[in-house]
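Got the structure open in your viewer? Let's take a walk through it, one selection at a time.

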Amino acid sequence: MLTIRPRQREDTPSIVALYSAQEAELPLQTLEHYEAEHPLEDSEASGEQWVAVYNGERVGYSSFHPAWWTEDPTAYSLELRVAERYGRHGVGTHLYEQTLSRLWSRGATRLLCWVRDDAVAGRSFAKKLGWRETGQTIQDYRLFTPDVSLEEFANTEARLTQSGISIVTLAEAEHWGEPFLFRLHSLCVNIEEASSDERSYASFLSWKAEALQGIGATPQTCWIAVEAGLPVGVTFLKRVGLEEAENDYTGVAPTHRGRGIATVLKGKAIAWAQKAGVRWLHTSSEVGNNPMIAINTRLGYRPGAVRREIECKINSLKS
Ligand SMILES: CC(C)(COP(=O)(O)OP(=O)(O)OC[C@H]1O[C@@H](n2cnc3c(N)ncnc32)[C@H](O)[C@@H]1OP(=O)(O)O)[C@@H](O)C(=O)NCCC(=O)NCCS
(Lines give C-alpha, C1' and ligand atoms only; values in the text may rest on other atoms or scores of the structure.)
Protein backbone atom coordinates (compact mmCIF):
# COMPACT_ATOMS: atom_id res chain seq x y z
CA MET A 1 0.00 0.00 0.00
CA LEU A 2 1.26 3.50 -0.90
CA THR A 3 0.88 6.49 1.42
CA ILE A 4 2.00 10.04 0.74
CA ARG A 5 2.40 12.08 3.91
CA PRO A 6 4.21 15.19 5.20
CA ARG A 7 7.81 14.63 6.21
CA GLN A 8 8.52 13.87 9.86
CA ARG A 9 11.84 14.22 11.62
CA GLU A 10 12.44 10.45 11.56
CA ASP A 11 12.35 10.54 7.74
CA THR A 12 15.56 12.56 7.43
CA PRO A 13 18.03 9.61 7.30
CA SER A 14 16.03 7.90 4.48
CA ILE A 15 15.76 11.17 2.52
CA VAL A 16 19.47 11.87 2.83
CA ALA A 17 20.31 8.26 1.86
CA LEU A 18 18.12 8.46 -1.26
CA TYR A 19 19.62 11.81 -2.23
CA SER A 20 23.17 10.45 -1.78
CA ALA A 21 22.40 7.32 -3.83
CA GLN A 22 21.27 9.47 -6.78
CA GLU A 23 23.83 12.28 -6.35
CA ALA A 24 27.04 10.54 -5.27
CA GLU A 25 29.28 13.33 -6.62
CA LEU A 26 27.45 16.21 -4.96
CA PRO A 27 28.35 17.30 -1.43
CA LEU A 28 27.60 14.59 1.09
CA GLN A 29 24.61 15.90 3.07
CA THR A 30 24.82 15.51 6.81
CA LEU A 31 21.57 14.99 8.71
CA GLU A 32 22.21 18.24 10.60
CA HIS A 33 22.64 20.19 7.36
CA TYR A 34 19.48 18.74 5.85
CA GLU A 35 17.46 19.51 8.98
CA ALA A 36 18.79 23.06 9.07
CA GLU A 37 17.93 23.61 5.39
CA HIS A 38 14.50 22.00 5.70
CA PRO A 39 12.97 23.09 9.00
CA LEU A 40 9.78 21.23 9.89
CA GLU A 41 8.04 24.34 11.19
CA ASP A 42 5.75 25.48 8.41
CA SER A 43 6.08 29.05 7.18
CA GLU A 44 5.35 30.88 3.94
CA ALA A 45 9.05 31.50 3.39
CA SER A 46 10.06 27.89 3.90
CA GLY A 47 9.03 25.00 1.75
CA GLU A 48 7.46 21.60 2.35
CA GLN A 49 8.59 18.03 2.01
CA TRP A 50 6.41 15.00 1.39
CA VAL A 51 7.36 11.36 1.79
CA ALA A 52 6.14 8.28 -0.11
CA VAL A 53 5.82 5.18 2.07
CA TYR A 54 5.28 1.90 0.22
CA ASN A 55 4.45 -1.18 2.31
CA GLY A 56 5.97 0.49 5.35
CA GLU A 57 9.19 1.51 3.58
CA ARG A 58 10.17 5.10 2.74
CA VAL A 59 10.70 4.97 -1.02
CA GLY A 60 10.54 8.56 -2.23
CA TYR A 61 10.24 12.22 -1.34
CA SER A 62 9.36 15.57 -2.82
CA SER A 63 10.52 18.95 -1.65
CA PHE A 64 9.61 22.46 -2.74
CA HIS A 65 10.44 26.00 -1.68
CA PRO A 66 9.92 29.49 -3.09
CA ALA A 67 12.20 30.22 -6.06
CA TRP A 68 13.13 33.60 -4.54
CA TRP A 69 15.82 34.33 -7.16
CA THR A 70 13.16 34.61 -9.89
CA GLU A 71 11.63 37.61 -8.07
CA ASP A 72 8.26 35.94 -8.72
CA PRO A 73 6.52 35.14 -5.42
CA THR A 74 4.39 32.49 -7.14
CA ALA A 75 7.40 30.56 -8.53
CA TYR A 76 8.60 27.47 -6.67
CA SER A 77 11.52 25.13 -7.04
CA LEU A 78 10.78 21.40 -6.88
CA GLU A 79 12.80 18.24 -6.26
CA LEU A 80 11.28 14.77 -6.51
CA ARG A 81 13.01 11.42 -6.10
CA VAL A 82 11.99 7.77 -5.95
CA ALA A 83 14.30 4.88 -5.05
CA GLU A 84 15.35 3.07 -8.21
CA ARG A 85 14.18 -0.33 -6.98
CA TYR A 86 10.62 1.06 -6.75
CA GLY A 87 10.80 2.79 -10.14
CA ARG A 88 7.81 2.65 -12.46
CA HIS A 89 5.37 1.56 -9.77
CA GLY A 90 3.51 4.87 -9.98
CA VAL A 91 5.12 6.23 -6.80
CA GLY A 92 6.54 9.32 -8.54
CA THR A 93 3.19 10.15 -10.13
CA HIS A 94 1.29 9.94 -6.82
CA LEU A 95 3.93 11.93 -5.01
CA TYR A 96 3.83 14.57 -7.72
CA GLU A 97 0.03 14.86 -7.64
CA GLN A 98 0.00 15.33 -3.87
CA THR A 99 2.81 17.89 -4.06
CA LEU A 100 1.02 19.75 -6.85
CA SER A 101 -2.17 20.03 -4.80
CA ARG A 102 -0.14 21.65 -2.00
CA LEU A 103 1.43 24.05 -4.48
CA TRP A 104 -1.97 25.02 -5.88
CA SER A 105 -3.22 25.80 -2.42
CA ARG A 106 -0.22 28.07 -1.92
CA GLY A 107 -1.03 29.96 -5.11
CA ALA A 108 1.97 28.70 -7.10
CA THR A 109 1.78 29.41 -10.84
CA ARG A 110 5.20 28.29 -12.01
CA LEU A 111 7.45 25.39 -10.99
CA LEU A 112 11.13 24.99 -11.71
CA CYS A 113 13.28 21.90 -11.42
CA TRP A 114 16.75 20.71 -12.44
CA VAL A 115 16.96 17.33 -14.11
CA ARG A 116 20.18 15.51 -14.90
CA ASP A 117 20.97 15.01 -18.55
CA ASP A 118 21.72 11.33 -17.89
CA ALA A 119 18.49 10.75 -15.91
CA VAL A 120 16.48 8.87 -18.54
CA ALA A 121 13.61 8.19 -16.13
CA GLY A 122 13.55 11.75 -14.79
CA ARG A 123 13.43 13.34 -18.24
CA SER A 124 10.73 11.05 -19.51
CA PHE A 125 8.74 11.51 -16.27
CA ALA A 126 8.89 15.30 -16.66
CA LYS A 127 7.98 15.20 -20.33
CA LYS A 128 4.95 13.04 -19.66
CA LEU A 129 3.76 15.54 -17.04
CA GLY A 130 3.99 18.49 -19.43
CA TRP A 131 7.20 20.10 -18.22
CA ARG A 132 9.41 21.84 -20.78
CA GLU A 133 13.03 22.92 -20.90
CA THR A 134 13.77 26.57 -20.16
CA GLY A 135 17.01 26.39 -22.15
CA GLN A 136 19.20 26.86 -19.12
CA THR A 137 21.83 24.16 -18.75
CA ILE A 138 24.48 23.93 -16.07
CA GLN A 139 27.36 21.60 -15.35
CA ASP A 140 28.60 20.55 -11.92
CA TYR A 141 32.29 20.89 -11.10
CA ARG A 142 34.27 19.74 -8.10
CA LEU A 143 37.78 20.36 -6.88
CA PHE A 144 40.06 18.37 -4.58
CA THR A 145 41.66 21.26 -2.68
CA PRO A 146 44.84 19.52 -1.38
CA ASP A 147 46.00 19.22 -5.02
CA VAL A 148 45.79 22.95 -5.76
CA SER A 149 48.83 25.25 -5.80
CA LEU A 150 47.86 28.91 -5.70
CA GLU A 151 51.33 30.42 -6.08
CA GLU A 152 50.86 31.49 -9.69
CA PHE A 153 47.88 33.70 -8.72
CA ALA A 154 49.82 35.79 -6.19
CA ASN A 155 51.08 38.06 -9.01
CA THR A 156 47.56 38.65 -10.28
CA GLU A 157 46.45 39.73 -6.81
CA ALA A 158 49.47 42.06 -6.50
CA ARG A 159 48.58 43.60 -9.86
CA LEU A 160 44.99 44.15 -8.75
CA THR A 161 46.16 45.79 -5.52
CA GLN A 162 48.40 48.12 -7.52
CA SER A 163 45.46 49.13 -9.70
CA GLY A 164 43.40 50.05 -6.61
CA ILE A 165 41.37 46.87 -6.19
CA SER A 166 41.55 45.13 -2.84
CA ILE A 167 40.01 41.84 -1.72
CA VAL A 168 38.18 41.85 1.59
CA THR A 169 35.86 39.43 3.33
CA LEU A 170 32.29 40.42 4.09
CA ALA A 171 33.28 40.43 7.77
CA GLU A 172 35.80 43.17 6.96
CA ALA A 173 33.32 45.09 4.78
CA GLU A 174 30.36 45.03 7.15
CA HIS A 175 31.11 48.46 8.60
CA TRP A 176 30.18 49.97 5.20
CA GLY A 177 26.59 49.10 6.09
CA GLU A 178 23.47 48.51 4.06
CA PRO A 179 24.24 50.80 1.05
CA PHE A 180 27.28 48.60 0.35
CA LEU A 181 25.11 45.47 0.63
CA PHE A 182 22.60 46.98 -1.85
CA ARG A 183 25.44 47.37 -4.34
CA LEU A 184 26.54 43.82 -3.67
CA HIS A 185 23.00 42.60 -4.30
CA SER A 186 22.86 44.44 -7.65
CA LEU A 187 26.11 42.76 -8.60
CA CYS A 188 24.63 39.32 -7.90
CA VAL A 189 21.07 39.60 -9.19
CA ASN A 190 20.11 41.05 -12.53
CA ILE A 191 17.23 43.21 -11.42
CA GLU A 192 14.73 43.74 -14.22
CA GLU A 193 14.51 47.28 -15.52
CA ALA A 194 10.77 47.36 -14.76
CA SER A 195 11.24 46.06 -11.26
CA SER A 196 9.59 48.32 -8.68
CA ASP A 197 11.43 49.59 -5.61
CA GLU A 198 9.23 47.38 -3.49
CA ARG A 199 10.06 44.27 -5.52
CA SER A 200 13.75 45.13 -5.56
CA TYR A 201 13.72 45.50 -1.80
CA ALA A 202 11.91 42.15 -1.40
CA SER A 203 14.52 40.60 -3.68
CA PHE A 204 17.28 42.22 -1.59
CA LEU A 205 15.88 40.73 1.62
CA SER A 206 15.54 37.23 0.13
CA TRP A 207 19.05 37.45 -1.31
CA LYS A 208 20.43 38.59 2.05
CA ALA A 209 18.71 35.73 3.88
CA GLU A 210 19.98 33.13 1.39
CA ALA A 211 23.37 34.35 0.23
CA LEU A 212 24.64 36.09 3.36
CA GLN A 213 22.78 34.36 6.18
CA GLY A 214 21.82 30.99 4.60
CA ILE A 215 22.90 27.67 6.07
CA GLY A 216 26.68 27.31 5.85
CA ALA A 217 27.28 30.95 4.83
CA THR A 218 29.51 33.12 7.00
CA PRO A 219 30.84 36.69 6.62
CA GLN A 220 34.35 35.17 6.72
CA THR A 221 33.70 33.01 3.64
CA CYS A 222 32.43 35.71 1.31
CA TRP A 223 35.22 37.52 -0.56
CA ILE A 224 34.59 40.85 -2.25
CA ALA A 225 36.74 42.82 -4.69
CA VAL A 226 36.43 46.49 -3.78
CA GLU A 227 37.41 49.59 -5.76
CA ALA A 228 36.94 53.08 -4.31
CA GLY A 229 34.61 51.69 -1.63
CA LEU A 230 32.35 49.90 -4.14
CA PRO A 231 32.06 46.15 -4.77
CA VAL A 232 33.17 45.07 -8.25
CA GLY A 233 33.36 41.30 -7.74
CA VAL A 234 32.23 38.67 -5.26
CA THR A 235 32.39 34.97 -4.47
CA PHE A 236 30.54 33.04 -1.76
CA LEU A 237 31.50 29.79 -0.07
CA LYS A 238 28.97 27.79 1.93
CA ARG A 239 30.15 24.99 4.14
CA VAL A 240 28.08 21.85 3.65
CA GLY A 241 29.77 19.12 5.67
CA LEU A 242 32.99 18.85 7.61
CA GLU A 243 35.10 18.35 4.50
CA GLU A 244 32.95 19.93 1.80
CA ALA A 245 31.80 23.36 0.75
CA GLU A 246 29.98 24.95 -2.17
CA ASN A 247 31.42 27.86 -4.08
CA ASP A 248 27.94 29.15 -4.67
CA TYR A 249 28.12 32.25 -6.80
CA THR A 250 30.93 34.26 -8.37
CA GLY A 251 30.29 37.48 -10.24
CA VAL A 252 32.35 40.40 -11.55
CA ALA A 253 30.92 43.74 -12.74
CA PRO A 254 30.87 43.89 -16.57
CA THR A 255 33.16 46.95 -16.42
CA HIS A 256 35.84 44.97 -14.55
CA ARG A 257 35.90 41.63 -16.37
CA GLY A 258 39.03 40.11 -17.91
CA ARG A 259 41.40 41.37 -15.21
CA GLY A 260 41.72 38.20 -13.12
CA ILE A 261 39.31 39.31 -10.37
CA ALA A 262 37.21 36.13 -10.43
CA THR A 263 40.33 33.91 -10.38
CA VAL A 264 41.76 35.73 -7.38
CA LEU A 265 38.42 35.63 -5.53
CA LYS A 266 38.03 31.90 -6.17
CA GLY A 267 41.67 31.42 -5.17
CA LYS A 268 40.87 33.05 -1.81
CA ALA A 269 38.07 30.54 -1.30
CA ILE A 270 40.44 27.65 -2.08
CA ALA A 271 43.13 28.99 0.26
CA TRP A 272 40.54 29.25 3.05
CA ALA A 273 39.36 25.67 2.35
CA GLN A 274 42.91 24.31 2.44
CA LYS A 275 43.46 25.94 5.83
CA ALA A 276 40.12 24.81 7.22
CA GLY A 277 40.60 21.18 6.10
CA VAL A 278 37.76 21.41 3.55
CA ARG A 279 38.95 18.90 0.97
CA TRP A 280 36.22 19.22 -1.65
CA LEU A 281 34.77 22.35 -3.23
CA HIS A 282 31.71 22.11 -5.44
CA THR A 283 30.45 24.62 -7.96
CA SER A 284 28.40 24.76 -11.14
CA SER A 285 28.63 26.83 -14.30
CA GLU A 286 26.22 27.57 -17.06
CA VAL A 287 27.12 25.51 -20.12
CA GLY A 288 28.51 28.04 -22.61
CA ASN A 289 29.82 30.40 -19.95
CA ASN A 290 33.31 29.91 -21.31
CA PRO A 291 35.16 32.50 -19.19
CA MET A 292 33.89 30.87 -15.97
CA ILE A 293 34.58 27.35 -17.23
CA ALA A 294 38.13 28.38 -18.20
CA ILE A 295 38.71 29.79 -14.70
CA ASN A 296 37.36 26.66 -13.02
CA THR A 297 39.47 24.41 -15.25
CA ARG A 298 42.61 26.46 -14.61
CA LEU A 299 42.05 26.19 -10.86
CA GLY A 300 41.71 22.40 -11.17
CA TYR A 301 37.94 21.86 -11.07
CA ARG A 302 36.77 18.67 -12.84
CA PRO A 303 33.42 18.52 -14.65
CA GLY A 304 30.52 16.36 -13.42
CA ALA A 305 26.84 16.00 -14.29
CA VAL A 306 25.07 18.27 -16.75
CA ARG A 307 21.65 19.48 -15.58
CA ARG A 308 18.80 21.07 -17.50
CA GLU A 309 16.32 23.43 -16.00
CA ILE A 310 12.72 22.49 -16.71
CA GLU A 311 9.55 24.38 -15.88
CA CYS A 312 5.84 23.87 -15.64
CA LYS A 313 3.09 26.49 -15.62
CA ILE A 314 0.61 25.20 -13.09
CA ASN A 315 -2.49 26.80 -14.63
CA SER A 316 -1.90 24.94 -17.86
CA LEU A 317 -2.25 21.65 -15.97
CA LYS A 318 -5.44 22.53 -14.10
CA SER A 319 -7.84 21.77 -16.95
C1 LIG B 1 11.75 10.49 -12.08
C2 LIG B 1 11.33 9.60 -10.91
C3 LIG B 1 10.91 10.49 -9.75
C4 LIG B 1 10.11 8.75 -11.39
O5 LIG B 1 9.59 8.01 -10.29
P6 LIG B 1 8.69 6.71 -10.55
O7 LIG B 1 8.04 6.35 -9.26
O8 LIG B 1 9.48 5.66 -11.21
O9 LIG B 1 7.59 7.29 -11.56
P10 LIG B 1 6.23 6.57 -12.09
O11 LIG B 1 6.27 5.12 -11.79
O12 LIG B 1 5.08 7.33 -11.52
O13 LIG B 1 6.35 6.79 -13.66
C14 LIG B 1 5.69 7.82 -14.37
C15 LIG B 1 6.29 7.99 -15.77
O16 LIG B 1 7.68 8.40 -15.68
C17 LIG B 1 8.41 7.82 -16.79
N18 LIG B 1 9.42 6.88 -16.31
C19 LIG B 1 9.60 6.45 -15.04
N20 LIG B 1 10.65 5.59 -14.99
C21 LIG B 1 11.13 5.48 -16.24
C22 LIG B 1 12.23 4.77 -16.80
N23 LIG B 1 13.03 3.99 -16.05
N24 LIG B 1 12.46 4.90 -18.12
C25 LIG B 1 11.68 5.68 -18.88
N26 LIG B 1 10.61 6.39 -18.40
C27 LIG B 1 10.37 6.30 -17.09
C28 LIG B 1 7.37 7.08 -17.63
O29 LIG B 1 6.87 8.05 -18.56
C30 LIG B 1 6.35 6.73 -16.58
O31 LIG B 1 5.07 6.48 -17.13
P32 LIG B 1 4.75 5.00 -17.72
O33 LIG B 1 5.31 4.00 -16.78
O34 LIG B 1 3.24 5.02 -17.81
O35 LIG B 1 5.42 4.98 -19.05
C36 LIG B 1 12.48 8.64 -10.49
O37 LIG B 1 12.91 7.91 -11.60
C38 LIG B 1 13.69 9.36 -9.91
O39 LIG B 1 13.77 9.55 -8.69
N40 LIG B 1 14.67 9.78 -10.78
C41 LIG B 1 15.85 10.55 -10.33
C42 LIG B 1 15.51 11.97 -9.87
C43 LIG B 1 14.85 12.76 -10.97
O44 LIG B 1 15.31 12.82 -12.10
N45 LIG B 1 13.73 13.43 -10.61
C46 LIG B 1 12.96 14.23 -11.53
C47 LIG B 1 13.40 15.63 -11.52
S48 LIG B 1 13.43 16.40 -9.92
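Start by selecting Val226. This residue is buried, with 20 other C-beta atoms within 10 Å. That makes it buried because the cut-off is 20 or more such atoms. Keep in mind as you look around that the model is predicted.

Now colour by secondary structure, and you'll find Val226 in strand E8, which runs over residues 217–227. Which residues is Val226 in contact with, leaving aside its neighbours within four places in sequence? Show Ile165, Ser166, Val168, Ala173, Pro231 and Val232, and you have the set. For a distance to try out, draw a line from Val226 to Glu174: the two are 52 residues apart in sequence, and their C-alpha atoms are 13 Å apart in space.

**Zoom out**

Time for the whole protein. There are eleven helices and twelve strands to find. The radius of gyration is 21 Å, close to the 20 Å that the globule rule gives for 319 residues, so the protein is as compact as a globular protein of that length. Turn the C-alpha trace along its principal axes and you'll see it span about 70 × 45 × 35 Å.

How much of the protein counts as buried? Of the 319 residues, 32% do. If you like contact maps, here's one more number: among contacts with a separation of 6 or more, 70% are between residues 24 or more positions apart.

**Helix H9**

Next, select residues 261–276, which make up helix H9. Two residues here are worth a stop.

Val264 sits in helix H9. Is Val264 buried or exposed? It is buried, with 24 other C-beta atoms within 10 Å. Leaving aside neighbours within four places in sequence, Val264 is in contact with Phe153, Thr156, Glu157, Leu160 and Ile167. Glu243 is 21 residues from Val264 in sequence, and 22 Å from it in space, C-alpha to C-alpha.

Move along helix H9 to Ile270. With 22 C-beta neighbours inside 10 Å, Ile270 counts as buried. Not counting residues up to four places away in sequence, Ile270 touches Thr145, Val148, Leu150, Leu281 and Leu299. For a longer line across the screen, pick Arg58: Ile270 and Arg58 are 212 residues apart in sequence and 38 Å apart in space, C-alpha to C-alpha.

**Two loops to check**

Select Asn55, in the loop between strand E2 (48–54) and strand E3 (57–66). Its phi is near 50 degrees, a positive value in a residue other than glycine. Asn55 counts as exposed, with 9 C-beta neighbours inside 10 Å.

Then hop to Arg88, in the loop between E4 and H3. Arg88 isn't a glycine, and yet it has a positive phi of about 60 degrees. With 11 C-beta neighbours inside 10 Å, Arg88 counts as exposed.

**Helix H3**

From that loop, carry on into H3 by selecting residues 91–105. This helix has 15 residues and reaches 22 Å from its first C-alpha to its last, close to the 21 Å expected at 1.5 Å a residue.

Which residues of H3 are buried? Highlight Val91, Gly92, Leu95, Tyr96, Thr99, Leu100 and Leu103. They cover an arc of only 155 degrees around the axis, which puts them on the same side of H3. The spacing has a simple background: an α-helix has 3.6 residues a turn, so residues three or four places apart point the same way. Now look at the other side of H3, where Glu97, Ser101 and Ser105 are exposed.

Just after H3, click on Gly107, which takes a positive phi of about 85 degrees.

**Last stop: the ligand**

Finally, centre the view on the ligand. How many residues surround the ligand? There are 21, and the closest are Gly92, Thr93, Ala121, Gly122 and Phe125. You've already met Gly92, as one of the buried residues of H3.

The elements that give two or more residues to this shell are strand E4 (75–82), H3, strand E5 (110–116) and helix H4 (120–128). H4 gives the most, with six residues. Colour the shell by class and you'll get nine nonpolar, eight polar and four charged residues.

Conventions: Residues numbered from 1 in each chain as written. Predicted model: local features only at pLDDT ≥ 70, side-chain atom pairs only at ≥ 80, totals over all residues. Helix = DSSP H or I, 4+ residues; strand = E, 2+ residues; numbered from the N terminus. Expected span 1.5 Å × (residues − 1). Buried ≥ 20, exposed ≤ 12 C-beta atoms within 10 Å, placed from the backbone. Arc of directions from axis to C-beta. Near = placed C-beta within 6 Å. Nonpolar A, V, L, I, M, F, W, Y, C, P; charged D, E, K, R; others polar. Rg over C-alpha atoms; globule rule 2.2 N^0.38 Å. Contact = placed C-beta atoms within 7 Å.
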